[in-house]
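User: Could you pick one part of this model and take a close look at it for me? I would like to know what lies around it and how it fits with the rest of the chain.

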Amino acid sequence: FQAASRERQITVRLPRADAPPGRSLRDDEYVTVTWTLDALDDFGIQDRIARRRRQLLRLLREAQAQNALPRDADLAEALDVSLATVRRDVTALRAAGHVLPPRRRKRAA
């Protein structure tokens with residue numbers, strides 16, 4: 001089936017959902033997560049912003065199901081967008097009624 005070959009997944013290392021924010025994490029406070037970047041139903045969404053926001057919701061759902069809580073930077077890297085774009089998308093999704101978990105980390109010095 002040719003369309004299935006268009007689905008794309010990656011493996012990433014993310015903070016565990018229960019890892020404390022605000023400090024550098026220890027190695028045991030990360031988990032390996034499989035993310036679906038492009039799913040078959042994404043290709044039917046013509047508007048790129050709507051498609052990216054759908055992807056963002058899926059990444060957050062998949063991370064939660066695997067006991068992880070990604071940082072904005074993790075999401076930006078996976079989606080190949082800026083931090084500002086992720087933050088705008090998160091704000092828009094929350095305004096639309098989606099409950100999204102917070103993960104704010106201190107920036108590395």
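Analyst: Happy to! One term is needed before we start: two residues are in contact when they have heavy atoms within 4.5 Å of each other. Please keep in mind that this is a predicted model.

Let me choose helix H2, residues 72–79. To place it, the protein chain has three helices and two strands, and from the N terminus on the order is β-β-α-α-α. Of the 109 residues in the chain, 38% are buried. H2 itself is mostly covered, with six of its eight residues buried. Those residues are Asp 72, Asp 74, Leu 75, Ala 76, Ala 78 and Leu 79.

What provides the cover? Strand E1 (8–15) and strand E2 (30–38) contribute to it, and so do the helices H1 and H3. Contacts across the chain give some background here: among those between residues at least 6 apart in sequence, 59% join residues at least 24 apart. Just after H2 comes Asp 80, whose phi is positive, at about 60°.

Two of the covering elements deserve a visit of their own. H3 spans residues 83–95, and its 13 residues should cover 18 Å at 1.5 Å a residue; the end C-alpha atoms are indeed 18 Å apart, so expectation and model agree. Its buried residues are Thr 85, Val 86, Asp 89, Val 90 and Leu 93. Because these occupy an arc of only 135° around the axis, they lie on the same side of H3. The spacing fits a simple rule: an α-helix has 3.6 residues a turn, so residues three or four places apart point the same way. The cover over this buried side includes H1 and H2, while the face turned away from it carries the exposed residues Arg 88, Thr 91 and Ala 95. Just after H3, Gly 97 has a positive phi of about 100°.

H1 runs from 48 to 65, and Arg 58 is found in it. Is this arginine buried or exposed? Its relative accessibility is 8%, so Arg 58 counts as buried, the cut-off being under 20%. Leaving aside residues up to four places away in sequence, Arg 58 touches Thr 36, Leu 37, Asp 38, Ala 39, Asp 41 and Asp 42.

Coming back to H2, its buried residues have E1, E2, H1 and H3 among their cover, and H2 in turn helps to cover the buried residues of H3.

Terms used. Residues are numbered from 1 along each chain as its sequence is written. This is a predicted model: local features need pLDDT of at least 70, side-chain atom pairs count only at pLDDT 80 or more; totals for chains, interfaces and linings use all residues. Side-chain values use heavy atoms; hydrogens and water are left out. Helices (H or I, at least four residues) and strands (E, at least two) are DSSP runs, numbered from the N terminus. Buried means under 20% relative accessible area, exposed over 50%, partly exposed in between (1.4 Å probe, protein chains only). The expected span of a helix is 1.5 Å times one less than its number of residues. The arc is that of the directions from the helix axis to the C-beta atoms.
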